[in-house]
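Let us take a friendly walk through a protein fold. Have the sequence and the 3D view ready.

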Amino acid sequence: MIRLAVIGVGRWGQHFARLFAQHSAVELVALVDPHRERLQAVQAQLQLPNRVGLWTDVAQVWAETMVLDAVMIATPATTHRNLIQTALQRGYHVLAEKPLTLEAADCLALTALAQQQGKQLFVDHTYGFHPAMERGKTVIPQLGTCRYGYATRTNLGPIRQDVDALWDLAIHDLAMFNLWLGQTPQRVRAWGGSWLQPGLADMVWATLHYPDGFEATCHWSWDNPDKQRRLGIVGDRGTLVFDEMHGAAPLQVFWGHSQPRPDGGYHSEPIQAEALTFAEQEPLQRVCDRFLENIHTGQTDAAASGDLATQLVQILQALERSLASGSIWQAVESEDR
């Protein structure tokens, strides 16, 4: 049994509290959140036994003599560095909400610390564990040469006050492009608008340029009632589309391409749509399962690694610089270059 505490039981953390409370391989030891009413609501909803501690200050957990093996951290990203560092130094495995931190240098430092301590630093890049993503990965080679991509992630809220729409929404699509393409962009640019909170972009458009010439155009907004969660990769043989709002067939391939005619024009083949099936399993459940499995095996999932977390934060920092500069192209800093 892995003895675990969940730090932060807000909108996202409460899902982890539910999953770990129900997990046969976990003993949920404590929940931590500064809002006592939130702790009590989660305790009542999950019908947790009295032995599960409810703490409003994480310092109380660090000071307690309880025995812990791991912590799940689902607090604002600005708090991640200190919390993760303390947990690793105390010898705990860590499952952290994305982004790992807001600075790539901190991501690298925490990744190195986890390796030194021989502990898991597992980052919840949820889509890396979505069955649709794994199924789509097998189809990418059949698309031929991947030319360009697009992604849209919009909704009316929730509107955050600690980070802008870029830092809140973009990481999902950045992770999916990187994992499907097997590469990370070299340069990016972004532009956006702030209507609700000065200084925090409510809407962002971005272009990502990859080493092989592939480019992706992305749109992120938390102030648009047209809810979309759609990402596509266009190849010279067909297009792969992951559309979470398409309940019947969220993952599809549209086969078809244009061929030159003798007269100099082009002939387009009839389009054939193919719905791709995949196992139905909650991605967050898979995140929890793989985190626990990694603790026992000592292996690291690429989709949850500190290396990927660092790459994604490097991209976000470059996009942030471009947004601030008025859409000037920015190079993505990388340890590999």
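The text below looks at a sheet and then at helix packing.

This is a predicted model, in which local features need pLDDT of at least 70 and side-chain atom pairs count only at pLDDT 80 or more, while totals for chains, interfaces and linings use all residues. Residues are numbered from 1 along each chain as its sequence is written, and side-chain values use heavy atoms, with hydrogens and water left out.

**The sheet**

Helices (H or I, at least four residues) and strands (E, at least two) are DSSP runs, numbered from the N terminus. Two strands pair if DSSP finds at least two bridges between them. In general, strands of a sheet pair through backbone hydrogen bonds, either parallel or antiparallel.

Here, nine strands build an open sheet with mixed pairing, in the order 16-13-12-11-7-10-9-8-17. At the edges lie strand 16 and strand 17 (330–331), each pairing on one side only. Three of the pairings are set out here.

| Strands | Sense | Bridges | One bridge pair |
|---|---|---|---|
| Strand 11 (residues 223–235) and strand 12 | antiparallel | five bridges | glycine 232 and valine 241 |
| Strand 12 (residues 238–243) and strand 13 | antiparallel | five bridges | leucine 240 and valine 253 |
| Strand 13 and strand 16 (residues 272–275) | antiparallel | four bridges | tryptophan 255 and glutamine 272 |

How many residues of strand 13 are buried? In strand 13 (residues 251–255), four of the five residues are buried, where buried means under 20% relative accessible area, exposed over 50% and partly exposed in between (1.4 Å probe, protein chains only).

**The helices**

Axes are lines fitted to C-alpha atoms, for helices over the stretch in contact, and angles run from 0 to 180 degrees between N-to-C directions. Helix 4 (residues 80–89) packs with helix 5 (residues 104–117) at an angle of about 10°, the axes being 10 Å apart. That makes helix 4 roughly parallel to helix 5, a label for angles under 35 degrees. Contact means heavy atoms within 4.5 Å. Among the residues that meet are Arg81 and Leu88 in helix 4, and Asp106 and Leu110 in helix 5.

The axes of helix 6 and helix 7 (residues 165–181) come within 9 Å and cross at roughly 35°. On the helix 6 side, Ala132, Met133, Gly136 and Lys137 take part, meeting Met176, Leu179 and Trp180 in helix 7.

Definitions and conventions: Parallel < 35°, antiparallel > 145°, perpendicular 65-115°, else oblique.
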